[in-house]
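Q: Could you take a close look at the open and closed spaces inside this protein, and at the side chains and loops around them? I would like one connected walk through it.

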Amino acid sequence: MRRLTSLLLTLLLMAPVAIVAQEQHQSLAPFCGGLAAGINASQVDGDGYDGYHRLNFVGGVWVMRPLTERITWRLDIRYIGKGSVRYGKLSGVRHRLYEMELHYLELPVSVEYHFAKRWSAGLGLSAAYLMSARERNAYGEIVRRNGVPFRKYDFAAQAILSFAIANHWRLRAEASFTVVPIRAKPGDVITTYRYGQVNRLLQLCLEYEI
């Protein structure tokens, strides 16, 4: 686990340095950047529930630079919400039975291939810092559940698909999954998932290139 974490950190730190250090062809455009905002639907594998039921806000800034005429690299800095939620009925009344609320500052690095004029697809890695976390059920907030804390860092992989809808405007979809558990599975959770708890999310953002 420590080796995987060290490898991900090394890749995230070295990717921008290696790219900036290489010689750029004169025909390639310089850096560009912009703003992004959107929503994601998230779940947590290993929480005893399923389904992408929790909606979260995501927003931040990004910079991009071409490597070739069709391949670009990109760096984002963004706030992103993650977690899970489960609704059900108690005594015939609909309640929020459980909710995990996670707030991260995330740094994704991605490489994307541009094709068919308006489309691009890519892969990325990200490191995120957990700014705050909260769990609650139908009876109130859960404090330090079974003494199992959340890890302060989240490492994830992304698959990306982007489409230019107009000049300076793009829609960007991402599927993201945590590659290192965000915490060990609490003992009171009943689930067949044995490897701790991990974030999963589907995301859609509207982006503006400045």
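A: Happy to. One cut-off helps from the start: a residue is called buried under 20% relative accessible area, exposed over 50%, and partly exposed in between. His168, at a relative accessible area of 35%, is therefore partly exposed. Please keep in mind that this is a predicted model.

Let's begin with the open space. The largest pocket has a volume of about 420 Å³. It is lined by 27 residues, and the ones closest to its centre are Cys32, Met64, Thr72, His114 and Glu209. Several strands take part: β2 (54-66), β3 (71-90), β4 (93-115), β7 (153-166), β8 (169-178) and β9 (198-209) each bring at least two residues to this lining. Sorted by class, the lining of the largest pocket holds 12 nonpolar, 7 polar and 8 charged residues.

Now for the closed spaces. There are 3 cavities of 30 Å³ or more, and the largest cavity holds about 40 Å³ of space. Around the largest cavity you will find Asp76, Arg78, Pro108, Val109, Ser110, Gly124, Leu125, Gln158, Ile160, Arg172 and Glu174. Two or more lining residues come from each of β3, β4, β5, β7 and β8, and β4 gives the most, with 3 residues. By class, the lining of the largest cavity has 4 nonpolar, 3 polar and 4 charged residues.

Strand β3 is worth a second look, since Ser84 lies in it. With a relative accessibility of 3%, Ser84 counts as buried. Its side chain makes a polar contact with the side chain of Asp47, at 2.7 Å.

On to the aromatic rings. The whole structure contains 7 aromatic pairs. In one of them, the ring centres of Tyr113 and Phe115 are 6.3 Å apart and the planes meet at 15°, so this pair is stacked; planes under 30 degrees apart count that way. Both partners can be placed by exposure as well: Tyr113 is partly exposed, with a relative accessible area of 40%, and Phe115 is partly exposed too, with 31%.

Charged side chains also sit over rings. Lys82 lies over the face of Tyr104, 5.1 Å from the ring centre. Likewise, the charged end of Arg183 sits over the ring of Phe150, at 4.1 Å from its centre.

Finally, the loops. Most residues other than glycine have a negative phi. Lys117 has a positive phi, near 70°, and its place is in the loop between β4 and β5 (119-137). Lys117 has a relative accessible area of 88%, so it is exposed. The phi of His168 is positive as well, near 80°, and His168 belongs to the loop between β7 and β8. This is the partly exposed residue from the start of the walk, at 35%.

The loop between β8 and β9 holds Val189. Its relative accessibility is 6%, so Val189 counts as buried. Val189 also has a partner from elsewhere in the chain: Gly46 is 143 residues away in sequence, yet the two C-alpha atoms are 7.8 Å apart in space.

Key. Residues numbered from 1 in each chain as written. Heavy atoms only, no water. Phe/Tyr/Trp six-rings, centres within 6.5 Å; stacked < 30°, edge-to-face > 60°. Buried < 20%, exposed > 50% of the residue type's maximum accessible area, 1.4 Å probe, protein only. Lys NZ or Arg CZ within 6 Å of the ring centre and 35° of its normal. 1 Å grid on protein atoms, 1.4 Å probe; cavity = no way out; pocket = protein on both sides within 12 Å on 5 of 7 lines; lining within 4 Å. Points joined across faces, edges and corners; volume = space filled by probe spheres on them. Helix = DSSP H or I, 4+ residues; strand = E, 2+ residues; numbered from the N terminus. Nonpolar A, V, L, I, M, F, W, Y, C, P; charged D, E, K, R; others polar. Polar contact = N/O pair within 3.5 Å; in protein donor to acceptor, adjacent residues only side chain to side chain.
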